[in-house]
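Hi,

Here is the structure I said I would pass on. Have a look at it first, and my notes follow below.

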Amino acid sequence: MGVSTFKGGVHPYDGKDLAKDQPIVEIKPEGLMVFPLSQHIGAPAKPIVAKGDHVLVGQKIAEAGGFISAVVISSVSGTVKGIEKRLTAGGAIADAIIIENDKQYETIPGFGEKRDYTKLSRDEIVSIVKEAGIVGLGGAGFPTNVKLMPKDINKIDYFLVNGAECEPYLTSDYRDMMETPEEIIGGLKVVLSIFPNAKGKICIEDNKPEAIARLSEMVKDEPNIEVLGLKTKYPQGGERQLIYAVTGRKINSSMLPADAGVVVDNIDTIVAIYEAVCLQKPLVRKILTVTGDAVAHPGNFRVPLGTNYQEVIAAAGGFKVAPEKIISGGPMMGIPLFKLDIPVAKNSSSILAFQHDQVSAEPTTACINCGRCVAACPENLMPTLMMKAALAKNSAKFEALYGMECIECGCCSYVCPAKRPLTQGFKQMKRRVNGERRAAAAKAKAEAAKKAQQEEAKKAEEVKK
């Protein structure tokens, strides 16, 4: 049924041996905790606490700011110090709730108590997921409760658990699969109870045979759940690529997976759903990989949200040498960091530190029209022509080349022998096009309002006559 991979993609060095055999270690932070109000796709959350308030682990400190938004939960007990502007891993300055950690970790009543999901309705499960503040933990940060509310639940026939973890160096999902497979399967059963016609598929790249074997054995008697091995290739874990590999169905930027009858969630998101629904634990932690050849003891860590990156790195033994390059996220789609005074957020996935910055060391030269970027593009685009449009700031041409379909995976930049910053150029052009679209929409709205005013004035004048 379908295929096990997709056209295009690349095979970068995966670097997973550094941390894949390191069990998840829990971190207890010491310093101030910082909770950005924007750590998800959509509107920022709205604070519901004030300076001086005492909060507990599991307590909601900010409510969703709209339909596409997510609540924020305190991961520690302590005192609210205020709401301040703070730097986030994405480079933005965002409002954040600052909490002084009292290190007592007192929890809200009922935190961690077991609950039988089979006695809950669909609406109750979705409400629990929403109030738990769960978003896509693979990095996208899309509110999970919205995913669980498609227009027609009966048209969803596949629920895919994304365990590909195709980004090099990252191993936190692998450790989840090896250490908490019961919670993955339990979380999948919870979401399948929402979709009456859906089959669950746990999708894992074939460079993780131990995880495939472990989960396959555990679901052998589950008629609605299957473990599917996928070809190891980046970006196999991309939502569009995963859906095509498993179902043969295609989606584009104007569609949601639900439009193709599919819902996709990351491994850790499924674990978070299990914890929220079955154990009454809202989202208060993130599992991060801290690795790279500059890290003293690479590993995987369960980190309370709001913890400073510096404390996470310290838990990995710090740096054995001063790194030239530090990245939040994977090397293909991650964001370079220039300082470490940054809080762990829901959309954090890893911290990578390298002794040498190999990208900066390579000089950029002229395009030789070799076509490698075209062959590597998983969206079947024309990066060579798109870059010409980007350099000319020609938005119309960029859109005509389907540049807005770029998923910013970095494959084109990776294979380019001229070391051209293709992905960076496309990111900038997509921001430019989106800005122009917003400006055009605002102008059209203003003109429509002006026209309506003129018509109202004309009618009023006619009444006077």
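To start with a single residue: in which helix is the place of Q241? Q241 sits in helix 6, which covers residues 239-247. Before you go further, keep in mind that this is a predicted model.

Is Q241 buried or exposed? Its relative accessible area is 3%, so Q241 is buried. Leaving aside residues up to four places away in sequence, Q241 touches F6, P235, Q236, P378, E379 and I407.

T307 is another residue worth a look. You'll find T307 in the loop that runs between strand 14 (299-304) and helix 8 (309-315). T307 counts as buried because its relative accessibility is 0%. The T307 side chain reaches the backbone oxygen of P304 at 2.6 Å. Again not counting residues up to four places away in sequence, T307 touches P29, M33, V312, I342, P343 and V344.

Now the sheets. One is an open sheet of four strands in the order 2-8-7-4, with antiparallel pairing. Strand 2 (33-36) and strand 4 (54-55) are at its edges with a single partner strand each, so one side of each has no neighbour in the sheet. Inside that order, strand 7 (residues 78-87) and strand 8 (residues 93-101) pair antiparallel over nine bridges. If you want a spot to click on, K85 has D95 in strand 8 as its bridge partner.

There is also an open sheet of six strands, ordered 1-14-13-17-15-16, and here the pairing is mixed. Its edges are strand 1 (24-26) and strand 16 (335-336); each has a single partner strand, so one side of each is left without a neighbour in the sheet. Strand 15 (residues 325-328) and strand 17 (residues 350-354) run antiparallel and are joined by four bridges, and S328 stands opposite I351 in strand 17. Helix 3 (residues 172-179) lies across strand 1, strand 13 (285-291) and strand 14, at about 120° to strand 13.

Last, helix 14 (residues 422-464). How far apart are its end C-alpha atoms? They are 63 Å apart, and that agrees with the expected span, because 43 residues at 1.5 Å a residue should also span 63 Å. The buried residues of helix 14 are L422, T423, G425, F426, M429, K430 and V433. Those buried residues pack against helix 10 (372-376), helix 11 (383-391), helix 12 (395-400) and helix 13 (411-415).

Shout if anything is unclear.

Cheers

Terms used
Residues are numbered from 1 along each chain as its sequence is written. This is a predicted model: local features need pLDDT of at least 70, side-chain atom pairs count only at pLDDT 80 or more; totals for chains, interfaces and linings use all residues. Side-chain values use heavy atoms; hydrogens and water are left out. Helices (H or I, at least four residues) and strands (E, at least two) are DSSP runs, numbered from the N terminus. Buried means under 20% relative accessible area, exposed over 50%, partly exposed in between (1.4 Å probe, protein chains only). A polar contact is a pair of N or O atoms within 3.5 Å; within protein, one must be able to donate a hydrogen and the other to accept it, and residues adjacent in sequence count only if both atoms are side-chain atoms. Contact means heavy atoms within 4.5 Å. The expected span of a helix is 1.5 Å times one less than its number of residues. Two strands pair if DSSP finds at least two bridges between them. Axes are lines fitted to C-alpha atoms, for helices over the stretch in contact, and angles run from 0 to 180 degrees between N-to-C directions.
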